[in-house]
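Here are a few exercises to work through with the model open beside you. Try each task before you read its solution.

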Amino acid sequence: MKPKFYVFFSFIIIACSSNIDRTNSTCLDNFRNPETNKTSFHISLLMEIEKDDVLEVYYIDDPKKQAFQSDKKIRKKVLGNTQNQEVQFNLPDKIKLHKFRIDLGENSNQKNIKIQEIKIEHKENVISIKDSLIPYFFDINNYLDLNNKNGDFKIQDKENKRDPFIISNATLIKKMKIEL
């Protein structure tokens, strides 16, 4: 058993030490985001979400299409936590992201969500949207009330329905086209 352990341990050491770009990454990040994944888009949220929930990202990769489709979505289970946590959505390789929608949960007991930052990454380029800029880059639907433009969202039920989401607006679409 010891030889297997040493081989595994040696593999981890070599894999971690081969990371040349050490800015804001850990050894585990190299396994989660391998170099072969550099061609895909990543959308991440730095957020507080108090109760366990499921978040979704719908994406459109064809500028001629305007409707979101269920076959172009990514679901992510999120554990409730009063501390900030990063929730990352990795889009399929080699798509060209045009527009996206972030569904902010299905849990009917979820009342508030705080988003501190939204990042869109592609190759080496990153667009970082801080909490105060969210209303300038996203359209917010009727099931959300943004408090003080600081990323605090209150989730509201309307006529016994609930579907809180934000959609990238024309400003963000243009920014992504230029910068990514």
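**Exercise 1.** Find the residues that line the second largest pocket, and work out which element gives the most to that lining.

*Solution.* Start with the list: Phe41, Asp61, Pro63, Lys96, Leu97, His98, Ile173, Lys174, Met176, Lys177 and Leu180 line this pocket. (On a 1 Å grid over the protein atoms alone, a pocket is an open set of points with protein on both sides within 12 Å along at least five of seven lines, and lining residues have an atom within 4 Å of a point.) Next, sort them: six are nonpolar, one is polar and four are charged. H4 is the top contributor, with four residues. Finally, the volume comes to about 190 Å³.

A quick word on ground rules: this is a predicted model, where local features need pLDDT of at least 70 and side-chain atom pairs count only at pLDDT 80 or more, while totals for chains, interfaces and linings use all residues. Residues are numbered from 1 along each chain as its sequence is written, and side-chain values use heavy atoms, leaving out hydrogens and water.

**Exercise 2.** Place helix H4 against the sheet.

*Solution.* First lay out the sheet: it is open, with five antiparallel strands in the order S3-S2-S5-S11-S8. (Strands are DSSP E runs of at least two residues, helices H or I runs of at least four; two strands pair if DSSP finds at least two bridges between them.) At the edges sit S3 (73-78) and S8 (138-140), each pairing on one side only. Now add H4, residues 170-179, which packs on the sheet and touches S5 (99-103), S8 and S11. Contact here means heavy atoms within 4.5 Å. The direction of H4 makes about 125 degrees with that of S5, on a scale from 0 to 180 degrees between N-to-C directions.

**Exercise 3.** How is S8 joined to S11?

*Solution.* Count the bridges: there are three, and the two strands run antiparallel, with S11 covering residues 165-168. For one facing pair, look at Phe138, which stands opposite Ser168 in S11.

**Exercise 4.** Which residues have pLDDT under 50?

*Solution.* pLDDT is the predictor's confidence in each residue, from 0 to 100. The chain averages 85, and 79% of the residues score at least 70. Over residues 5-36, though, pLDDT stays under 50.

Notes: On a 1 Å grid over the protein atoms alone, a cavity is a set of points where a 1.4 Å probe fits but cannot get out, and a pocket is an open set with protein on both sides within 12 Å along at least five of seven lines; lining residues have an atom within 4 Å of a point. Grid points are joined across faces, edges and corners, and a volume is the space filled by probe spheres set on the points. Ala, Val, Leu, Ile, Met, Phe, Trp, Tyr, Cys and Pro count as nonpolar, Asp, Glu, Lys and Arg as charged, and the others, Gly among them, as polar.
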